[in-house]
Amino acid sequence: MTTSASDAVLHGEAVHHKRPSLRVLPAPRTRTPRVAVIGGGIAGLTAAHSLLGATDGRAHVTVFEAAGQVGGKLQVSEVAGVPLDEGAESMQSSRPEAVGLARSVGLDRDIVHPEVIGVSLWVRDRLRRMPPTFMGVPTDLRALTASGVLPLRTVLRLPLEYAAPATRFENDVSVGAFVESRLGRKVVDALVEPILGGVYAGRADALSMQATVPALFRELRHEKSLLKAVERTSRGGGRSAGARRGPVFAGIRGGVGRLPQAVAAHVKSLGGTVRTGVQVQSLHRLDDHWRLIVASAEGPEVVEAEEVIVALPPHEASALLAHICPPAANDLGLIDMSSMAVVGLAYPADAVRPMSGSGFLVSPTEGRMVKAATYASCKWDWIARAARTRRGGPGSMVMIRASVGRLGEEDLLERDDADLVGDIHEELAEAIGISRPPVDFRVTRWMEALPQYATGHVRRVERIRSVIAGVHGLELCGAAFDGVGVAAVVGGARVAAEAVAQRLEVAATGRG
């Protein structure tokens, strides 16, 4: 993100007559430490919120966001007068971070859970109930047989895996390669690919087992059978962390995209500052503090801080850190990013056949454009209510969210909205039974949005953190590190904030 203009401003080089004057923001008169959080997605906002809580307001915390609004990929907008999430619509509630954050910023009464669960697979031109799996690896062979997802001959061979010699691996291995070695390619294509495609918009043959299913990876270091390891991991036994009871996922009434706005408001109420439309163009380490060159509508500024938290996508973080920590910047720049689109559609209720479950997934081997669809007005009661009382006309709506795009399918997203929605509608009509086109739609393209946890990702993250630890006053957080889900990102941001808070406490104690 460093530009030649900002470098010239910083180093006093000549840059023509029309150079805007550089505003240097005055430092606070007190010795209160200053913290700059670069990035106003849920990671950066959580880091700021956690830090203000940990320091009890004894730090000046400023969040810088280049876009005109906070939230990153967590946004909400209306389709036919009904609010729908443009990004993630749910949070993992079996771990506490995201739900806890929502409660702490006043959304506790708006935390909801799905009305229906159960996903189907679109296999061989029909929807079939997806059998129980752990990230696509079957956990109930009887249910797998009944589902008809796999040919009977394939299912009958699976129990032989219990007695097969162990597949040894010294380091990381891709999910697709390992599952294929134990259970065969058909299991990968029919079950593993749809799930990983939905979570990461990636490919099973490239995604790391150690990074995407760490509990299973640990179990397989001691258990030769994949099916046995999955049985133990899925019920929280063995060497994996114990499973929490209760619903696995939670949403927020009005959309998960409300969460960043609520966190930003809480940051401000705690004394923090949130600036939007402000881009940090370059970052420089001086003797005992940081200097940021910031571009805003008022012109370039110099901002100084004792601590910096970078909460940006990996390629943006790489550009910002290129001259601060080249090894970390190099590793960040090598993380592949996939693009996808989330398409919200509104249909008249009488044009859609009754739907079962919360949606369906599609394997790339099926040759379809849609990789997943969520029956939003079946899954969430608040959406169903809004769809019955929508603004702008009579009649109930059925709301569906479809997603398209995996790694290597960027060309799909270059089509105009009407063509894209037309083909998506045709597939939905075939899968579900829809007799008329949508009355409204919204297409949200997320370009280079999802980091790919390729084989060796865990070691890459370890290298990044190791070298960053040698740069005083710097922390990183975001979806590139410990998980792409909201809960994982919130958890990683809290860890970064805790590290900063500890250093500030040590510095305060040292000053006496």
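Which residues is leucine 74 in contact with, leaving aside its neighbours within four places in sequence? Select leucine 74 to begin; the model is a predicted one. Its contacts beyond that stretch are Ile42, Ala88, Val256, Gly257, Pro260 and Val486. Leucine 74 sits in the loop between E3 and strand E4 (76-79). Its relative accessibility is 7%, so leucine 74 counts as buried. Now add aspartate 85, which is eleven residues from leucine 74 along the chain; their C-alpha atoms are 7.3 Å apart.

**The largest core**

Next, select Ile42, Leu51, Val61, Met91, Leu259 and Val263. These are the residues with the most contacts inside the largest nonpolar core, a set of 44 residues. At least two residues of this core come from each of strand E2 (34-38), helix H2 (42-55), strand E3 (60-65), helix H3 (97-104), strand E12 (249-252), helix H11 (258-269) and helix H18 (486-511). Colour H18 separately: with ten residues, H18 gives the most to this core.

Stay with methionine 91 and show its surroundings. Leaving aside neighbours within four places in sequence, methionine 91 is in contact with Ala98, Val99, Val248, Phe249, Ala250, Gly251, Ile252, Val256, Leu259 and Val486.

A second core, separate from the first, has 38 residues; among them are Val179, Val230, Leu361 and Tyr453. Keep Tyr453 in mind for a later stop.

**Two sheets of strands to trace**

Switch to a cartoon view and find the open sheet of three strands, in the order E6-E12-E7, with antiparallel pairing. Strand E6 (91-92) and strand E7 (111-112) are the edge strands, and each of them pairs on one side only. Two bridges join E7 and E12 in the antiparallel sense. To see a bridge, select valine 112 and its partner in E12, glycine 251.

Then move to strand E15 (residues 290-296), which pairs with E16 in the antiparallel sense over seven bridges. E15 and E16 make a hairpin, with two residues between them. Serine 296 is opposite glycine 299 in E16. Is strand E16 (residues 299-305) enclosed or open? Six of its seven residues are buried, so E16 is largely enclosed by the rest of the structure.

**Aromatic pairs**

How many aromatic pairs does a search of the whole structure find? The search finds five. Start with phenylalanine 169 and phenylalanine 217: the ring centres are 5.4 Å apart and the planes stand at 45 degrees, so this pair is tilted. The two residues are 48 apart in the chain, with phenylalanine 169 in the loop between helix H5 (152-157) and helix H6 (175-183), and phenylalanine 217 in helix H9 (residues 214-220). Both phenylalanine 169 and phenylalanine 217 are buried.

Now select tyrosine 200 and tyrosine 453. Their ring centres are 5.5 Å apart and their planes are at 50 degrees, so this pair is tilted. The pair links distant parts of the chain, 253 residues apart: tyrosine 200 is in helix H7 (residues 185-200), and tyrosine 453 is in the loop between strand E22 (440-451) and helix H17 (457-468). Tyrosine 200 is buried, at a relative accessible area of 5%. Tyrosine 453 is buried as well, at 1%.

Finish this group with Trp122, Phe360 and Tyr375, which ring pairs link into a cluster. Add arginine 368, which lies over the face of tryptophan 122 at 3.9 Å from the ring centre.

**Glutamate 193**

Go back to helix H7 and select glutamate 193, which is located there. Is glutamate 193 buried or exposed? At 5% relative accessibility, glutamate 193 counts as buried. Not counting residues up to four places away in sequence, glutamate 193 touches Arg185, Val188, Gly202, Arg203, Ala204, Ser363 and Pro364.

**Cysteines**

The last stop is the cysteines, where the count of disulfides is zero. A disulfide is a covalent bond between the sulfur atoms of two cysteines. Why does cysteine 477 have no bond to the closest cysteine sulfur? That sulfur belongs to cysteine 325 and is 16 Å from the sulfur of cysteine 477, too far for a bond. Cysteine 477 counts as buried, at 2% relative accessibility. Cysteine 378, at 26% relative accessibility, counts as partly exposed.

Note on methods: Residues are numbered from 1 along each chain as its sequence is written. This is a predicted model: local features need pLDDT of at least 70, side-chain atom pairs count only at pLDDT 80 or more; totals for chains, interfaces and linings use all residues. Side-chain values use heavy atoms; hydrogens and water are left out. Rings of Phe, Tyr and Trp (its six-membered ring) pair if their centres lie within 6.5 Å; planes under 30 degrees apart count as stacked, over 60 as edge-to-face and the rest as tilted. Helices (H or I, at least four residues) and strands (E, at least two) are DSSP runs, numbered from the N terminus. Buried means under 20% relative accessible area, exposed over 50%, partly exposed in between (1.4 Å probe, protein chains only). A charge sits over a ring if NZ of Lys or CZ of Arg is within 6 Å of the ring centre and within 35 degrees of the ring normal. A nonpolar core is a set of buried Ala, Val, Leu, Ile, Met, Phe, Trp, Tyr and Cys residues joined through side-chain atoms within 4.5 Å. Contact means heavy atoms within 4.5 Å. A disulfide is a pair of cysteine sulfur atoms within 2.5 Å. Two strands pair if DSSP finds at least two bridges between them.
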